[in-house]
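Me: I have a protein model here and some terms I want to understand. Can you take me through them one at a time?

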Amino acid sequence: MGNSAWDTVTNRAVWLADGVTGLPAGLAGGRYRCQACRERLVLKGVKPGAKVAPYFSHPNEKACTRPQQEAQLDADTEVVIRLRDTIRALPGFHADVHVLGEGLDNPSGLPPVIICTHGETTVALEHPGPSLPDSEVLRRRIRAVREYHDGARHVWFLRKDPNQFGKLGSLTVRYDGRDEEHHTVAPTEQQEAIVAAGGQVYWLDGKLVLIPYGVHWFFHPVRPGQDWTKWPKWRSDPRADWRISKPSPARDADCWGLVPIALSSMTRSQAVFRPTEAYQVMDKLYVSQQARHRWRNRHAEELHRQRRVEHTAQSGRPGTPAAEDVPEAEEAITDVPPPSAPSARPRVAADQSTPAPSAFPEPAVSGPPATPEARADRTAPGIPAQPTYPPAAVPRQTSRPSPWRKLLAALRRRR
Ligand SMILES: [Zn+2]
């Protein structure tokens with residue numbers, strides 16, 4: 001006997017604790033369905049003077065044929081219902097739990113989705129249970145949400161547990177003049193399906209939310225007039241590098257990097273649940289990346305030129321390099337990368353006892369488990385096209401305290 005049912009007439013989830021006022025009693029033409037097994041349910045205990053509290057019964061008071069799923073869906077639905085109540089308590093907010101993308105066969109196993117609105121903003125909020133259904137079911141859900149409210153942002157808050165968080169390693173990135181460690185994860189097929197369908201996947205991690213971007217490994221191509229070999233004091237292949245795709249990971253990303261932001265930072269704007277700070281970090285990573293790519297290419301040119309000069313000097317020939325050896329640099333080559341030069345590089349076999357040379361402030365980092373060599377078979381030689389995703393627009397900021405802060409606090413409590 002579950003505490004919830006799908007009302008197929010309204011496509012909303014009925015939660016018994018909400019009360020059943022206005023709902024017809026009995027079989028009611030089969031409008032109530034079990035969330036787990038899809039059997040028609042009977043609403044009982046609603047007549048005046050009934051000796052029991054209202055409840056939904058499978059026919060003939062039989063037990064659900066999927067008792068485990070029934071219990072799990074009830075538990076997951078309760079989390080969603082309480083979150084809905086928190087949203088409803090906020091001034092100006094409306095929230096309802098909807099059953100979208102479900103059919104009379106093949107239940108998705110997902111709890112209801114919360115459709116919350118504030119002013120012109122509508123967000124579909126998912127907080128699934130421990131496991132996600134397969135990708136086709138997720139796509140069905142996403143399509144249904146889109147049909148219900150075109151333009152609604154579809155946000156999935158996942159749990160940071162082994163089922164939903166495949167940690168790979170970490171990536172050292174540099175921006176704002178400091179190094180940061182970002183987790184990297186291997187997205188599941190389901191998570192990729194959500195993002196590919198336009199949804200957003202975030203992980204809750206205590207007071208933090210982890211926002212993903214795409215990491216694409218590649219090797220810099222060797223162009224004429226460049227020397228990428230045996231860079232002094234480098235412990236790894238300088239050609240091994242990466243680029244970012246943002247604000248959502250591109251489909252062909254090798255893994256996802258995660259920007260941690262404070263939950264509370266998502267509430268400083270009325271742009272509901274938009275991770276503005278994470279998008280700003282991604283923009284900085286992109287700027288750093290461009291500087292890093294430029295610096296390495298120019299250093300390869302500079303090294304080539306220096307070595308040509310040394311070689312010709314040793315061989316007794318005039319020390320002036322041939323004209324074609326002079327790199328066509330857009331800017332003067334410097335010995336020191338620009339201050340914003342990032343440090344994110346794939347992990348390579350390195351002598352960790354060797355201090356990072358100050359002339360090349362790109363320290364060895366703990367990176368993905370795969371070495372660049374191991375990845376060579378799936379990285380085309382050459383700088384891939386820049387991501388087609390436009391830079392994230394920065395929503396209007398406001399210092400006005402937002403009621404979303406309370407909502408997020410509630411969400412955190414109910415992970
Ligand atoms: Zn059932």
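Reply: Gladly. This is a predicted model. Start with one bridge: valine 97 has isoleucine 114, in β7, as its bridge partner.

Me: What makes β6 and β7 a pair of strands?

Reply: Pairing takes at least two bridges. Strand β6 (residues 93-98) and strand β7 (residues 113-118) have six bridges, so they pair. Their sense is antiparallel.

Me: How do you know that β7 pairs with β8?

Reply: Use that cut-off of at least two bridges again. Five bridges join β7 to β8 (residues 121-126), so these strands pair too. They run antiparallel. One of the links is threonine 117 with threonine 122, its partner in β8. β7 and β8 form a hairpin with two residues between them. In the turn, glycine 119 has a positive phi of about 60 degrees.

Me: Which atoms are the protein donors of the zinc ion?

Reply: They are Cys34 (SG), Cys37 (SG), His58 (NE2) and Cys64 (SG). A donor must lie within 2.8 Å of this metal. These lie 2.2 to 2.3 Å from the zinc ion, so they count.

Me: Why is the arrangement called tetrahedral?

Reply: All angles must lie between 85 and 135 degrees. The four donor atoms subtend angles of 102 to 117 degrees around the zinc ion, so the arrangement is tetrahedral.

Me: Why is cysteine 37 called buried?

Reply: Buried means under 20% relative accessible area. Cysteine 37 has 18% relative accessibility, so it counts as buried.

Me: And what about cysteine 64: buried or exposed?

Reply: Cysteine 64 has a relative accessible area of 6%, so it is buried.

Key: Residues are numbered from 1 along each chain as its sequence is written. This is a predicted model: local features need pLDDT of at least 70, side-chain atom pairs count only at pLDDT 80 or more; totals for chains, interfaces and linings use all residues. Side-chain values use heavy atoms; hydrogens and water are left out. Helices (H or I, at least four residues) and strands (E, at least two) are DSSP runs, numbered from the N terminus. Donors are N, O and S atoms within 2.8 Å of the metal (3.2 Å for Na, K and Ca); water is not among the atoms, so sites may look incomplete. Four donors count as tetrahedral if all angles lie between 85 and 135 degrees; four count as square planar and six as octahedral if opposite donors are over 155 degrees apart and all others between 65 and 115; anything else is irregular. Buried means under 20% relative accessible area, exposed over 50%, partly exposed in between (1.4 Å probe, protein chains only).
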